[in-house]
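Hi,

Here is the structure I said I'd pass on to you. Have a look at it first, and then read on for what turned up.

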Amino acid sequence: MGRGNEPPRLPEGSFAAWSCDRLALARRGAEECGDVWQLEPGVYVAAAAGPCEAVLRRARDFPKESSPLFPPLSRSGGAPTPEEREERAYAHAARMRGLRAQAVAARIGEIASRTARFADQWPTGRDVEILPQVRHALAEIGVSYLFSEDAPALLPHAAQLFLAREVLVQPSRWVWPRWVPTPARRFRTRQQIAFTDALRPVVRSRRASGRLGDDVLGQMLRPSPRHGLLPEEAILDTLPGITVATFETPSRAAGWILLHLARYPQAASRVAAEAAALPADPAATTSTHLGGLPYTQALVSEVLRLYPPSWLLARRAPRETRLADYTVDAGTTVLVCPYTAHRDAREHPEPDRFRPERWLSDAGPPTKPGAFLSFGTGPHGCEGTALAMAMLTLLTAQTARRHELSEPPGPEPSYHVTTLEGLATAGLRLRATSRG
């Protein structure tokens, strides 16, 4: 950052600590150095609501690097052509038709049924490592939401895509150029090809029959008055990433939510009381029923505030610009930290306290831009926000309705930074006892 007005910097040696305890260092930087601070030369952290919001919304000044975990197989490499960029924009718009709030509301019954099944199948009376079961349940929901009746054939491939993602994002002491075929990248490509090979006949069958479907894939198969039909390869290239995204990040969030149901039994009881009004047949659940769970939604939002699943987001300035009171040089990396923005006492009174009531309307939920960034914001905000909130709210309600959760004795679950961005509970074990 710029000449003569660089932001505060933590003492030398802090970067070494960054790899050991990133959360503590991020919090320390926010407290000691302010809203924007320097991590090392050329790397700075936006730690408060205002700067975080500015970076994420100013996509021209701080673009998101196009380095998808599942790059298009149909392109050999290099920068996309203008036609490919337009195609990707059209694919994104087509996906969003199936992910917008109205589309999610129309399928609440399906989501409720699968979250109820998860709660019904939770083994009671013994300690269970619950995250694998949560991930499987949410994968079933996400893949079904995308592909409907074709989901069972694609679910095993989605699980392998998730495994490839986990292998790919494992920390490494070496940073290899993107063109180097590391073992992790080769494994990723094999799984991506397998998923694409399974999806291709589904796309062709739907187009040949004319029964496109009302799911996300069906929306992508519908022609646009402006663009016509999306090419087959554009559909196949765009779906591996969104398939994993429908359950990977929500699974991390669900771990923290279930842990809070165990640690705060009064809050869990209040969720259970709300959930008692849900239909006995989960398939009959509607968006109206979902709207009747305000405290449950508040609890989900509060956990997402305290433990944002994506706690750190990276952006790079392609040219000189301004951020807060500083000049940002071209090539500077800016790390956006929702974790510290969410724990800023100026935006959230008693920021470290778990208090779902802060999200209820009579208590005045946080409204300042940047005060809540668990789903990002701006042009690259999460496409599946409505779907994720429906999944997490109904999973929370159906679980609390059926079970009282508790932690086994022993050490507490630890923070686990699964990637540079990801925050999850490591080895979370919980015990469920049937409620009532």
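Let's start with how the chain meets itself. Among the contacts in the protein with a separation of 6 or more, 75% are between residues 24 or more positions apart. Bear in mind as you read that this is a predicted model.

Next, the overall build. You'll find 17 helices and 11 strands in the protein. Its radius of gyration is 22 Å, close to the 22 Å that the globule rule gives for 436 residues, so the protein is as compact as a globular protein of that length. If you want dimensions, the C-alpha trace spans about 65 × 55 × 40 Å along its principal axes.

How much of it is buried? Of the 436 residues, 51% are buried. As for the outside, the accessible surface comes to about 19,800 Å², and carbon and sulfur atoms hold 53% of that.

One helix pair to zoom in on: α13 (residues 265–275) and α15 (residues 294–306). Their axes come within 8 Å and cross at roughly 140°. Since angles over 145 degrees would count as roughly antiparallel, that crossing makes α13 oblique to α15. Which residues make the contact? On the α13 side they are Ala 267, Arg 270, Val 271 and Glu 274, and α15 brings Pro 294, Tyr 295, Thr 296 and Leu 299. Sorted by character, the residues of this contact come out as 5 nonpolar, 1 polar and 2 charged.

That's it from me. Happy browsing!

Definitions and conventions. Residues numbered from 1 in each chain as written. Predicted model: local features only at pLDDT ≥ 70, side-chain atom pairs only at ≥ 80, totals over all residues. Heavy atoms only, no water. Axes fitted to C-alpha atoms, helices over the stretch in contact; angles between N-to-C directions. Helix = DSSP H or I, 4+ residues; strand = E, 2+ residues; numbered from the N terminus. Parallel < 35°, antiparallel > 145°, perpendicular 65-115°, else oblique. Contact = heavy atoms within 4.5 Å. Nonpolar A, V, L, I, M, F, W, Y, C, P; charged D, E, K, R; others polar. Rg over C-alpha atoms; globule rule 2.2 N^0.38 Å. Buried < 20%, exposed > 50% of the residue type's maximum accessible area, 1.4 Å probe, protein only. Areas by Shrake-Rupley, 256 points an atom, 1.4 Å probe, with all protein chains shown as cover.
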